[in-house]
Amino acid sequence: MKRLLPLYAVAAYLFLHLPLAILGVFSFNQSKFIVWEGFSLRWYAAALHDTAMAESAVNSLLVAAAATVVSTVFGTLCAYGLWKRRSPWIAGSLYLSLVTPEIVMGIALLAFYQWVFRFLHVQLGMHTVILAHVMFCLAYVTIVVMARLRSVDAALEEAALDLGATPWQAFLKVTLPQLWPAVGASALLAFTISFDDYVITSMVAGVDSETLPMVVYAMARRGGNPEVNAVASMVTVGLGALIVAAERLQSR
Amino acid sequence: MQSLLELAQISKEYPGHKAVDRVSLAIGHGEFFCLLGPSGCGKTTTLRMIAGFEQPTAGDVKLRGVSLIGRAPYERDVSTVFQNYALFPHLTVRGNVEFGLRHKRRMRNSADLNQRVDAALELVQLTGKASRLPAQLSGGERQRVALARSLILEPEVLLLDEPLSALDPNLRKQMRAELKALQRRIGVTFLFITHDQEEALTLSDRLAVMNGGRLEQVGTPQQVYLEPATRFVAGFLGAMNWVNGCGVRPEATRLSHQLPANGCRSLPAVVRASTFLGNCLHVESDLASGECVVAEVSRFDVPFQPGDAVHVWWQPQDQLDLPA
Amino acid sequence: MSRAYTAPAALTMAILFVVPMGIIAVYSLLSRGTYGGVLPPLTLESYTRLFDPLYAGILWRSAVVATIATVICLVAGFPLALFIARAGRWKNLYLALVILPFWTSFLVRTYAWMFLLRDTGLINTILLSAGVIREPLPLLYNYGAVLVGLVYGYLPFMVLPVYATLERMDKNLLEAAADLGAKPAATLWRVVIPLCKPGLVAGSVLVFIPCLGAYLTPDLLGGGKTILAGTLVQNQFTNARDWPFGAAVSLVLMVIVMLLLTALVRREGETLL
């Protein structure tokens, strides 16, 4: 067993990492087909010159940036509020949002938007996508910040109050400075989740708000091509770097 | 004596249990006052009601005759030294010490502020460590930062919540002496919470003993130790032999092979065991009634062996008659 | 006072999560509109249609696929968690290597399997050129491919809680078992696995839930041939334009998920929030 376990672990890690690694390798292939014809950056060049791809990437970045800022602020405040005073309703809805099947959340939001549009003269677009993203990122931010708060000594805030700080000053000057690593990590996670989302986005996006995952999905549906391999590899490396940064922050 | 801090019948009730039950106290100016009791007796809750972290469900807290009820912690002229010091981990020693000046006294960056911080650090002998972070300090140094952080505000009353319990035994004794000397020097009223009776006896001018949310007795260390009002107080402040409902402390309990002189209370007993404690011996003897009595015996005294027939005796004035 | 801090999040969740879910609940009780949408009167028809063999079959298949994926994750995840827990000073790295792919793009990871499995994909190309096969193997667009995708996607959900329980386990217990004469295999079977049960249960629930409602994986790797619950919901809202029925299926999924989650929280106690 002592020797079997490491062998098994090697196999498991290959299973987890090989598919993406292979995709990465073939994104540098000169050939359009799966025959190695030499190293080339032509698919990266093609992807970067693809206007549809570029527009959708800009949309994705905008959505992710907006959703990250809002959900990080709301989620951090929410975690702090829940730390001070538990609320089964808020905590419950956050957890439920985490386990709700994405497609269910997507159609629910679509139905909601269409109902709202009866009263307001607006249409699906960037705003509906951003609102949806803020909502599903909230739970992740709250949970990450909450985990950090558990190691914060509640006596520190009492000490701050004792020394004359108001509750809001105690939060800003004593508790929040201890939360920065978690807040940073949760922002990176929120960005990752938002940037990657396809299922919910595809339900609530309008004609002007096609995101990168939607373009990648459409191309994958058509069988894929080396250009998708290149985009996929760039996304993987980009998001991977964010996640490594988030892990670093959290372990501080 | 004019009282500075007054607790009038304060109670704290939680659903299903009374943490503090109608406690009344009057603490004088410049006193070193200890609140002593076992864990869960309500002493910390009492302190937290004075500091303003908890609201009493009944009763009043007055400082210089003015009620503090309804005032937030930052609006009270008292300051707390927390059990684990609660030093802000992201701020330096200086940052911690000046925190109160900036917030409670609303001082801005100035020569005056810096001078006061330096003076406070000097008071607790931490000059030169101002730019350290709490994590880079020893336990004793952290304790001193916590003291400086509160004392710099010149509070009317300094509340100390078991501040020595986080230190190792040797350091604890040393800090005890420093704390007492510091209080004498600056003259600030200390309300000190502890579950260690030796700490309470050595530190306080007066002390109060709490049990089960109620105040059992208030008095000087001598009064409380020598004339305990209840069996609980007698037992909590030191070991006690109970013979026929009367209490005798082991150091007042004598043993002899011969019948002692007239005027003493004396009972025949058989030695069960003798334990060497270094500076003295503890000799356990069984009385005919089945009760066991411990006597603290000098090691220069005649030896007592298990099985020896002896007489247990004591002076009448050393006997405490307390209702069960 | 603390309500002021939670208010923005609470409002967001109320408007964008609770209300939409409520709308779905109401829609599931209404009748189908001609061009999508819903109309009165109230009816339970959408729910009775769930018992139609066609749809009951789809729900049943979803449960079976999710169960098989969970069992595979259980069997594959436990030894990996055990390996990490015993890896000494490298455990953080090994753990990160499990978590890292999970956080990179789910869509890209699913696409990576399409790249490997499709007729002109890597595996078929290699096998064809090696002369092992003459026709490409139908690796993609079947339940096997869906299962591979689900296990690949959700294995970390099994490994993390199992690793956490293994990590918390008192190492003295293992020494005590050895001291009392248990061989390593017996210790594993009689001590480690029983003590690890909370982690295994939590992991199973955490894998089963997303597998049951999965949409992207069956859609991309299963193609049109494997209709599961997630695809059914999506179809009702897009192609079939039967919103009440799609809402009813959604609600059934939500109820199952909520029941599983409450059971897990009850079991694990208040360890979550």
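**Exercise 1. Work out how many residues chains A and B each put into their contact, and what chain A's side is made of.**

Step 1. Count the residues: chain A brings 15 and chain B brings 18. Two residues are in contact here if their C-beta atoms, placed from the backbone, lie within 7 Å.

Step 2. Look for the elements on chain A's side: α7 (154-162) and α8 (167-196) of chain A each give two or more residues. The top contributor is α7(A), with six residues. Helices are DSSP runs (H or I, at least four residues), numbered from the N terminus.

Keep in mind that this is a predicted model, where local features need pLDDT of at least 70 and side-chain atom pairs count only at pLDDT 80 or more, while totals for chains, interfaces and linings use all residues. Residues are numbered from 1 along each chain as its sequence is written, and chains are lettered from A in the order in which they are written.

**Exercise 2. Sort out which chains touch.**

Step 1. Two pairs of chains are in contact, and A and C share the most contacts.

Step 2. Chains B and C have no contact joining them; their closest C-alpha atoms lie 13 Å apart.

**Exercise 3. Find what L109(A) is in contact with.**

Step 1. Skip its neighbours within four places in sequence.

Step 2. Within chain A, you're left with A132(A), I200(A), M203(A) and V204(A).

Step 3. Now hop over to chain C: L16(C) and P20(C) are also in contact with L109(A).
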